[in-house]
Structures are given as structure tokens and as C-alpha cells.
Number of protein chains: 2
Amino acid sequence: MSVIKWNIRAGAYYDSVVLMQLQRGLVGLPGIIDAGVVMATPANRELLLANNLLPDDANANPDDMLIVVKADDEKSALDAIDKVDELLTRRKSATVSEDFRPRSLNAAARQLPDANWVLISVPGRYAAGVAREALDLGKHVFLYSDNVSLEDEIALKKTACEKGLLVMGPDCGTAIINGIGLGFANRVRRGPIGIVGASGTGTQAVTAHIHNLGSGITHAIGTGGRDLKSDVSAITAHQSLDLLSRDPETKIIVLVSKPPSADVATGLISAAQATGKPVVIYFIGYPSPSRRVGNLHFAISLSEAAEIAVRVGDQESKNIEEPPVANLNLRGLFSGGTLAYETMIGLQAGITPLYSNAPITDNQLLKDPLKSEAHTIIDLGDEFFMVGRLHPMIDNDLRIRRMKQEAADPEVGMILFDVVLGEGSHLDPAGELGPVIKEIRDKRPDIEFVAMVIGTDDDPQDIHSQIEQLKESGAEIFRTAAETVEYISLRMSKNNKQKYAPVNLEQLKRPLAGINVGLESFYESLITQGAQAVHVEWRPPAGGNEKMAALLSKMKSKK
Amino acid sequence: MSVIKWNIRAGAYYDSVVLMQLQRGLVGLPGIIDAGVVMATPANRELLLANNLLPDDANANPDDMLIVVKADDEKSALDAIDKVDELLTRRKSATVSEDFRPRSLNAAARQLPDANWVLISVPGRYAAGVAREALDLGKHVFLYSDNVSLEDEIALKKTACEKGLLVMGPDCGTAIINGIGLGFANRVRRGPIGIVGASGTGTQAVTAHIHNLGSGITHAIGTGGRDLKSDVSAITAHQSLDLLSRDPETKIIVLVSKPPSADVATGLISAAQATGKPVVIYFIGYPSPSRRVGNLHFAISLSEAAEIAVRVGDQESKNIEEPPVANLNLRGLFSGGTLAYETMIGLQAGITPLYSNAPITDNQLLKDPLKSEAHTIIDLGDEFFMVGRLHPMIDNDLRIRRMKQEAADPEVGMILFDVVLGEGSHLDPAGELGPVIKEIRDKRPDIEFVAMVIGTDDDPQDIHSQIEQLKESGAEIFRTAAETVEYISLRMSKNNKQKYAPVNLEQLKRPLAGINVGLESFYESLITQGAQAVHVEWRPPAGGNEKMAALLSKMKSKK
């Protein structure tokens with residue numbers, strides 16, 4: 001029968017490399033079956049339990065290191081526990097000489113004055129403090145640590161913005177700056193593609209695939225996963241898009257993220273349009289609004305994002321015209337429910353707020369189907385309109401009345417409608433709608449009409465004559481929802497003005513020199529890649545004893 | 001100043017063509033500015049109000065016809081109201097002779113014994129009754145009417161299934177059977193593409209675009225929008241897929257719908273795979289799981305669905321191998337959160353139930369991150385696992401333990417994991433994971449291991465040797481999430497057994513002959529297209545008086 005023994009090191013700070021190496025050291029000892037060395041959080045206790053390693057009587061706090069061994073016999077177990085200190089010391093002495101290592105960020109900055117980046121991977125509760133120091137020193141921050149509060153993230157990013165600095169993260173796993181990988185990063189050749197990534201392995205998968213396809217990367221900038229939520233409002237992503245748009249070496253931009261908040265998506269899409277460069281967007285798990293809208297390309301997988309970026313790069317670089325800007329509202333009056341729905345899918349990322357009587361999400365629901373607000377898409381075939389009334393494909397009356405109603409609203413800049421031809425439909429919709437459009441445009445030439453005409457050459461209405469009549473009345477004509485969506489997205493797009501001090505591009509392009517605070521392997525990786533780097537022999541304030549740290553902090557502030 | 005006058009026709013049934021024509025007739029009279037003729041439902045009263053046509057004192061019930069005129073003067077208004085009866089009569093006499101028109105479905109069926117379809121567009125509250133009669137007569141039903149209850153829809157479809165008949169709808173706007181359009185339908189050439197559409201204008205847009213691209217349609221079968229919700233469980237869509245899979249003239253199938261319920265999507269995707277034919281799927285507004293999984297192609301717009309179908313049709317028809325079937329559960333153990341997420345996006349439509357500690361939707365949340373259930377994807381880089389522990393890209397311990405745990409579950413058939421190489425990552429993950437895989441497979445050769453390896457030639461780990469080691473241990477290797485998803489989807493797919501009496505294909509291919517009950521224009525359209533058709537001179541039971549109708553129904557059932 002096996003024996004379990006345990007030991008607690010109370011309230012001290014140990015980094016996770018120490019914990020891993022101690023555990024492996026213990027498992028290597030004679031008679032030891034298994035071992036666990038963890039900070040005694042509830043989750044870690046559950047993990048020990050799942051591995052049959054949780055002693056019934058171990059009374060440890062989440063801040064304590066809990067050391068557990070399972071052995072063939074009592075003696076082996078006790079021997080192993082006795083060896084803990086020795087194993088901890090052996091680990092220390094095995095590493096490179098630490099004599100010349102600075103013990104603070106300030107000291108490190110003096111030692112490597114060229115350092116333009118600080119890499120931070122200390123535990124979350126200390127990370128924001130270190131990041132603040134880094135920004136005070138005028139350095140960009142690569143913040144690998146997670147468990148940083150949202151308030152800290154927002155405050156750090158606002159400070160960074162004012163200083164023209166980047167804060168990548170928290171929870172930023174990867175970046176490539178000037179050919180040097182930070183954190184986890186694949187070795188990829190340099191090339192014309194810049195990445196903005198709110199997702200770590202997403203960015204790795206895209207950069208690796210781009211390399212494997214024969215192309216390369218200028219910079220891959222990480223933002224951290226929360227950057228694209230409303231609270232943070234994509235500060236880092238916006239800075240990065242702006243930066244890459246100004247970088248002449250970046251010809252194509254890839255933007256990868258889990259689905260952002262709706263308002264954030266709109267802002268980012270506008271900013272991406274405003275770069276004037278081809279931007280490949282992959283909002284993972286978000287329905288693709290289209291394959292392409294002007295300079296924007298929408299991908300449906302990580303590998304496809306890479307493939308599109310490489311393909312676009314191979315093409316002749318086209319001059320992308322600045323789209324005309326319409327600042328007024330869109331009103332869509334549809335007879336086809338699915339056409340209305342597909343149009344909303346396509347527009348919702350770029351045009352907000354968008355309302356409808358047949359919305360995709362609850363927050364898009366129009367309060368009163370008879371009164372449009374902001375941008376509105378109405379499905380006139382919806383039950384509300386249909387009791388005792390012919391379908392709007394047969395009877396144009398309701399749509400004509402609504403067109404006039406929309407045109408009376410001075411906030412309206414575009415009226416969109418579908419014309420579905422074919423068997424069963426009205427035999428001359430253009431004959432009824434055309435004169436109304438003409439009449440409205442005589443009074444309001446500023447209102448643009450856009451018609452989506454669905455039909456074939458063989459339809460009873462003569463599609464060519466229908467299109468001709470609508471064109472004569474002044475409407476723009478498209479034959480698919482996809483083309484219509486692309487056109488409207490370009491026409492309604494807004495320029496996104498940069499509100500922050502721009503990040504200094506020349507400084508970013510200087511050889512990367514970094515100060516590393518936290519995981520030593522990230523320092524070693526910088527050195528291996530030929531970058532200048534300094535590792536800070538960091539210890540938490542007061543050795544991780546929080547009460548003591550609070551006291552120290554109070555004393556400092558009293559000085 | 002203008003004058004408003006009104007008139008009410010209480011409790012009588014008027015079809016919507018009558019209402020429209022009366023309104024147009026009134027507007028054409030001298031001195032009349034505008035007119036409204038509607039069933040006096042709350043929605044219609046609101047519409048009248050929006051058009052300044054609602055009289056303050058008109059006290060009409062929803063079942064009443066409310067006639068309102070706005071005139072230049074009192075006399076014109078009163079004259080117009082006086083003309084209502086005359087206008088109603090004039091409308092009648094203008095139509096084709098109605099002498100030989102049957103007044104019941106039974107009579108129509110005797111008059112046109114070849115009729116295999118009944119088109120129903122009467123008001124919703126009468127529609128289910130007519131559909132039931134049609135099924136009793138052994139006819140397929142095209143149910144254009146909306147406002148049919150969910151209970152009625154389910155009951156009708158179950159009955160239809162038992163009889164090998166189709167009920168398209170309720171709220172089915174379009175279909176093309178044997179080249180004849182039902183309801184609203186574009187005239188398109190015949191060709192190799194069959195459509196199953198849960199969306200009316202969606203089907204029209206796809207069929208029209210296919211025609212415009214030079215190809216054509218075998219049959220386009222509508223299901224009605226609610227068919228793909230859990231309650232109805234896609235009865236009509238399943239029947240239709242089965243039918244088209246047996247039709248030798250249908251070489252490619254397109255399936256178009258708003259996003260179905262998750263369980264319904266899974267069933268449909270399995271059924272689509274089982275057809276063995278190329279199936280283009282467009283679940284409007286649902287994130288595309290992939291571009292292609294075996295014989296399934298996923299589109300991101302209506303027009304693209306058509307384009308893919310035409311393109312696939314132009315290619316050499318490939319023999320699609322029946323995918324091997326694994327009936328056991330999948331467990332994915334990821335170090336990369338985004339790779340886990342993208343994998344779930346890809347798998348969730350086809351593999352259910354799917355759980356995760358980092359789910360896409362709330363109902364996928366795994367209760368205990370330490371215990372997998374059914375199909376489970378674990379993000380081992382999630383905060384829960386990460387306090388005081390190295391990232392799973394650096395430390396393989398947690399994943400190795402979890403692999404062993406999953407392998408101890410007899411329900412597990414496949415273990416998926418990612419290996420993310422590059423700077424910062426473990427220098428020999430395959431060296432640690434490979435032996436564990438080998439050890440597990442020695443005991444459980446039935447468990448398949450699938451690895452997604454992300455990295456480049458230049459990464460410090462030597463990707464080729466990593467892949468070689470993993471292959472030797474018995475793992476299947478893929479280099480992108482997209483390829484991994486495709487492979488797993490094929491391996492885990494289940495054959496979907498048809499539960500119902502199959503629809504008779506030979507009968508479907510007989511020349512279409514239809515009985516039309518409701519909108520006369522649908523009858524006229526059948527005749528114009530050269531189909532045999534009979535129009536039923538339908539009137540609601542007891543002239544639309546519901547109390548009387550209930551009484552009549554009681555008396556009938558007492559007989």
C-alpha cells in the first residue's frame with residue numbers, strides 16, 4: 001500500500017518553474033510513485049484530488065506551497081520530504097550566475113539603457129505594478145501575466161496611449177516585434193504582413209501558416225483577449241492598426257480576435273477601412289459578413305486568414321480609393337425576410353446602431369415597427385404587417401407609403417429595398433416604385449436609393465426593363481445581397497480618427513532590446529534570438545507576504 | 001381641409017386581393033386623396049394612424065373590414081363610400097368565369113384526379129384544416145399561409161411523413177417542383193442542382209443566381225421557417241434531403257436556412273453527409289465551421305451558395321467515400337485557447353453534445369473542468385488550471401495526467417491535442433507526449449490520437465522530428481485547425497437513419513398538377529407555366545363567422 005506525506009511552505013512566493021522542477025525532482029527520488037507541488041488554491045487542491053494526491057489533513061491557504069509525495073513506503077516518503085530544501089537549492093545553483101542580475105526594473109533600465117520593451121510574466125497580482133513602472137520608464141510593455149484586473153488593464157492602456165506606448169496584454173501570449181519573438185512565438189521569416197492579434201495561439205497559428213506558405217511578417221502585435229471588449233474599447237488594437245498603417249514595410253494587415261463587442265467591432269472595421277491597406281479580418285466564430293468589402297477581406301478560419309493574406313500580397317497592390325462618406329441613416333424596406341436577414345448579417349458589424357422588426361439579436365429589436373430609428377431594416381413580410389394584406393411582393397402600397405415616410409425624416413441618407421421578381425410576384429414593381437423614387441429624389445436629391453433585384457432573364461416581368469426603370473428613377477442596382485452589402489458598407493463607412501498619441505514607428509523599428517521580469521525562459525529566448533536582454537531577479541514585495549507588502553507600501557507613500 | 005369618412009363590414013371574410021382592389025378602386029374616384037381598406041386588427045389600425053387615415057370614432061373588431069376614405073370634401077367622401085358595393089361587385093365580374101369552379105377540395109380532386117399537389121394560401125386560422133383535407137386525399141401540400149400554430153405544423157408533418165407526403169410550410173413562400181414554380185418562384189432552367197430551403201427569398205435568391213450563372217434546378221423544396229427548430233425537428237428538411245439523395249438527376253444539393261437549433265443542425269449535417277452527394281450548406285448568420293468537410297461545402301452568403309453549387313457541378317463528380325464511423329466520445333486537450341475555440345466552432349454543428357471549460361455558448365459549459373462528459377474540449381491554459389503553474393506549452397505534466405484520465409474512460413474513442421512549437425514553448429513536447437500515447441494505445445488500441453501541430457521549419461524544436469515522434473507513437477497529425485476539424489468531423493460522423501416512409505420519387509417526377517386554395521394569382525401562375533390546375537372557389541366555413549363555424553363543426557361531428 002502506498003503512503004502519502006506532505007509539507008507546507010507558508011505564504012512564500014515561488015515561481016512556477018520552481019514548483020515544476022521541485023515536483024520533477026521529487027518524482028525522481030527512490031520509492032516515489034507520484035508527487036504534487038502546487039500553490040494550495042481550491043482549483044489546485046481539486047487537481048491533487050483528481051490525481052489521488054490530496055492528503056485529508058493538509059490545512060494550507062491558497063498562498064501556501066503544498067508539497068505532496070506518494071511513495072511505496074513511509075520511509076521513502078519521509079526521505080523525499082526531507083530533500084525538499086536540497087532540491088530547491090540545487091535548482092538555484094544550476095542556473096547561470098546571477099551575480100550581475102539587477103533586482104529592480106530601474107536597475108535593469110540603467111544596465112540596458114537601449115531597452116525599449118519590458119516583458120512581464122510575474123503572478124497577476126504583482127503584474128500591474130511592474131507594468132506601471134515600465135510605462136513610467138517610457139518602455140513598451142509585453143504583459144504575459146493573467147489575473148490582472150480589468151480596471152488595471154484600462155488604466156495601464158490609457159497611460160500607455162498618452163505616452164505613445166503599447167501595452168500588449170494582459171494575458172498576451174505572443175508577439176513578434178522586428179523579427180524577435182516575445183513570449184511564445186514561432187520563428188517566421190520577415191515579410192510584408194503585419195498582425196494584430198487578440199488571441200495568442202490564434203496569432204501563432206496565423207504567423208506559422210504564413211511562414212509555411214512562403215511569406216513573412218513585419219510585426220505581430222498582441223493585444224490581450226479583453227482588449228476588444230467594450231470596457232477596454234480596443235485601445236491596443238486601434239494603436240496597432242494605426243501603427244501598421246503607417247509602416248511602409250507592412251503591405252497587408254491581419255486582424256485576428258474572438259468576436260469583439262458590437263460597438264468595438266464597428267470601430268475596428270472603420271479603422272481597418274481607414275488604413276487603406278488590405279486588411280484580413282477573422283473574428284473567430286462570428287458569422288462572416290462577406291468575403292470582401294473594399295480593402296477588407298473576411299476569413300473563416302485561422303489558416304484561411306493566413307492564406308488570404310499571402311494571396312493578397314502576391315497580387316498587384318491595388319490603389320484603394322477612399323470610399324465616399326455618408327453620415328446619414330440607412331433605412332431598408334424589404335419584401336424578402338431572408339434578404340433582410342442576410343443584409344443585417346452583413347451590415348451589423350460595420351453599421352451601428354442597427355434596428356429591425358426582425359432582428360438578429362434582441363438588442364436590435366425596433367420598438368415600434370412603424371417608426372424607424374437610426375439605421376433600420378424592416379421586413380415588410382413580417383406577420384405584423386401581413387394580417388388581411390397581400391404580400392409586399394404582390395402589393396407595393398405599404399412599401400410606397402413607408403418610402404415616403406422615411407424620406408420625410410431629415411436624418412435619412414439612404415433607402416434600400418429589394419425587388420423580388422418571378423412567378424407570383426407583382427408584374428411591374430418598377431412601374432410603381434420608380435415614379436415614387438423619382439418624386440422623392442426631386443425633393444430630396446441627397447437621399448440615395450439602392451435596389452437589390454432578384455430574378456432571372458426568364459421571369460415574367462422582363463428583368464432588364466425593370467432594372468432600366470429603376471435606374472432611370474435614380475436607384476443604384478445590385479443583383480445579390482452580398483454585392484449590396486459591400487456597396488453599402490463602403491458608402492456608409494466612417495473615418496475613424498485616432499484619439500491618442502501615435503506610437504513612434506521609428507522607435508518600434510529599432511533593434512529590440514528587452515527587460516524580462518518573470519519567467520526566465522522568456523529571457524533565454526530573447527538571448528537565443530540575438531536580442532539584447534536583461535533578466536530582473538524579481539521577488540515580490542515583502543517576499544510575497546501581502547500584509548507586509550501593504551505595510552511597506554504605506555511606509556513608502558508616507559515618505 | 002380634407003374630410004375622412006368610414007364604413008365597417010362586420011365579421012365577413014374578404015381575401016386580401018379584394019381588400020387591395022377595393023382600396024385602389026376608391027383612390028381612383030374623383031376628389032379622393034387617400035383610402036385604406038383593412039381588416040381592423042391593432043396592427044392595421046396603427047398603420048392607418050401612421051397614414052393619417054384612422055377615424056377617431058371607428059369602433060371595429062379585428063374581424064371587421066374597415067373602409068376609410070380621405071377626400072377633398074364631404075360629398076366626394078360620401079360618394080366614394082356609397083360606391084363600395086359597386087366596386088366589390090365590379091371586381092368579381094372582372095375575373096374569369098367561375099361557373100365551373102369547385103367549391104371544395106373534394107370536388108376539385110374529383111375534377112382533376114391527377115392533382116398531386118395542393119397549394120394553400122387561405123388565412124392562417126383556416127389553413128391547417130385545409131391541409132389536413134389535402135393529406136387525407138393523398139396530396140402533397142404547399143402551405144403558403146402563415147399564422148398556423150406550431151402544434152398544427154407538427155401534427156400535419158407527422159401525418160404527412162407516415163403517408164410519404166410532403167408538407168412544405170407553413171409560411172412557405174416558394175418551391176419549384178419538376179420545373180413548375182409554386183407560390184413566388186423565379187423561372188429557372190432545369191439542371192443538376194436540388195434545393196432544400198427553409199427560407200423563401202433565400203431559395204429564390206439561390207435559384208435565380210444558379211440560373212444566372214448558367215446552371216439549373218431539379219427541384220427546390222421549401223420547408224417553412226420553423227421546420228428547423230427543435231419542436232418540428234426538420235421533418236420536411238430530412239424528407240427532402242432523402243428524396244433528393246435518391247433522385248439520380250440531382251447531382252448537387254443546396255441546403256439554405258436561418259440557423260437551426262443545435263440538435264437539428266447536427267442531425268441535418270449527418271443526413272447531408274449520408275446523401276453521399278456534394279451538399280452546399282448555408283445556415284444564414286451562423287459562423288461557418290469550415291469551407292469544406294468531405295462532401296459538405298459551407299457557404300457564407302446566398303450568392304456564394306449558388307456559386308459553389310455551380311462550381312462543384314462543373315467539376316468531375318468525385319466518388320465520395322463513406323467515412324468511417326466512430327461512435328465514441330471525443331476529448332480535446334488544448335494548450336492553446338484559440339485553437340480550442342476554433343475547433344469547437346468547427347465541430348459544434350456536427351458533434352453534440354459538446355462541452356468545454358471555455359465554451360462558446362453557456363449550455364456547453366462543462367460542470368467540472370476536471371471531469372469530461374460526452375464530447376469535451378478542455379483549454380488547459382484557462383485560468384482555472386494556471387494559478388502557480390507553468391503554461392501547458394511549457395509543462396506537459398497536466399496534459400499527460402489528463403490524457404491518462406481520459407483513456408481510463410471506456411466511452412472515449414478519440415483524444416485530440418495541440419502541440420504549439422516555437423520560442424518559449426517546451427523544447428521536446430513529442431518526447432514527453434509520445435511515450436504516453438504509446439503506453440495508452442498499448443492498453444487501448446481503440447483510442448485514436450489526433451495532434452494539431454502548429455509551428456515552422458525554423459522553430460527551435462525541429463518540427464519534422466516532433467511530427468515523426470508523434471506519428472510513431474500512433475497519432476494522426478494535422479498542421480491547421482481547419483484540417484483537423486475536417487478530419488474529426490468525418491471520423492465522428494454518424495449515419496442518420498430515415499425514420500419515416502420515404503416520399504415517392506416517381507410520383508414527384510410526374511408532371512405537376514395542382515389544386516389551388518386561396519390566392520388566385522398562384523393558380524394563374526400554374527396555368528401560365530403550363531401545369532394542370534384547378535382553383536377552388538374557397539370561402540371560410542360559415543362565411544368567416546367563427547361562432548357559426550364552431551356550431552357547424554359541432555353539428556358535423558354529431559352526425
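This note goes through a predicted model point by point, from confidence and symmetry to helix packing and backbone geometry.

1. Confidence. The structure is a predicted model, and its global scores are an ipTM of 0.86 and a pTM of 0.85. For chain A the mean pLDDT is 90, with 92% of the residues of that chain at 70 or more. As a general caution, predicted coordinates should not be read in detail where pLDDT is low.

2. Symmetry of the two copies. A turn of 180 degrees, combined with a shift of 0.0 Å along the axis, lays chain B on chain A with an RMSD of 0.1 Å. This is the relation of a two-fold axis, and the same surface serves both copies, since 100% of the contact residues of chain B recur in chain A. Within chain B, the residue that comes closest to the rotation axis is B:Pro287, whose C-alpha lies at 2.0 Å from that axis.

3. Domains of chain A. The domain assignment divides chain A into domain 1 (3-94), domain 2 (172-314), domain 3 (329-492) and domain 4 (507-558). Between domain 1 of chain A and domain 3 of chain A, the C-alpha centres are 69 Å apart.

4. A helix pair that joins the chains. Helix H8 of chain A (residues 200-212) packs on H12(B) at an angle of about 80 degrees, and the two axes are 5 Å apart. Because angles of 65 to 115 degrees count as roughly perpendicular, H8(A) is placed in that class with respect to H12(B). On the side of H8(A) the contact is made by A:Gly200, A:Thr201, A:Gly202 and A:Ala205, and on the side of H12(B) by B:Gly337, B:Thr338 and B:Leu339.

5. The other partner of H12(B) considered here. Helix H12 (residues 337-347) of chain B also packs against helix H17 (residues 481-492) of chain B, at an angle of about 40 degrees and with the axes 9 Å apart. That angle makes H12(B) oblique to H17(B), and the crossing of the two helices is right-handed. The residues of H12(B) that take part are B:Leu339, B:Glu342, B:Thr343, B:Gly346 and B:Leu347, which meet B:Ala481, B:Thr484, B:Val485, B:Ile488 and B:Ser489 in H17(B). B:Leu339 thus appears both in this contact and in the contact with H8(A).

6. A helix pair within chain A. Helix H15 (residues 429-443) and helix H16 (residues 463-472) of chain A pack at an angle of about 5 degrees, with a distance of 8 Å between their axes, and H15(A) and H16(A) are therefore roughly parallel to each other. In this pair, A:Pro429, A:Ala430, A:Gly431 and A:Gly434 of H15(A) meet A:Gln466, A:Gln469, A:Leu470 and A:Glu472 of H16(A).

7. Cis peptide bonds. The peptide bond from A:Gly169 to A:Pro170 is cis, with omega near 5 degrees, and A:Pro170 lies in the loop between strand E6 (167-168) and strand E7 (174-177) of chain A. A cis peptide bond also joins A:Thr352 and A:Pro353, with omega about -10 degrees; here A:Pro353 belongs to the loop between helix H12 (337-347) and strand E16 (354-356) of chain A.

8. A positive phi. Although A:Asn52 is not a glycine, its phi is positive, at about 55 degrees. The loop that holds A:Asn52 runs between helix H2 (42-50) and strand E3 (65-71) of chain A.

Definitions and conventions. Residues numbered from 1 in each chain as written. Chains lettered and ligands numbered in written order. Predicted model: local features only at pLDDT ≥ 70, side-chain atom pairs only at ≥ 80, totals over all residues. pLDDT = per-residue confidence, 0-100. Least-squares fit on C-alpha atoms with pLDDT ≥ 70 in both. Contact = placed C-beta atoms within 7 Å. Domains from an automatic or database assignment. Axes fitted to C-alpha atoms, helices over the stretch in contact; angles between N-to-C directions. Helix = DSSP H or I, 4+ residues; strand = E, 2+ residues; numbered from the N terminus. Parallel < 35°, antiparallel > 145°, perpendicular 65-115°, else oblique. Left-handed = near helix turned anticlockwise from the far one by under 90°.
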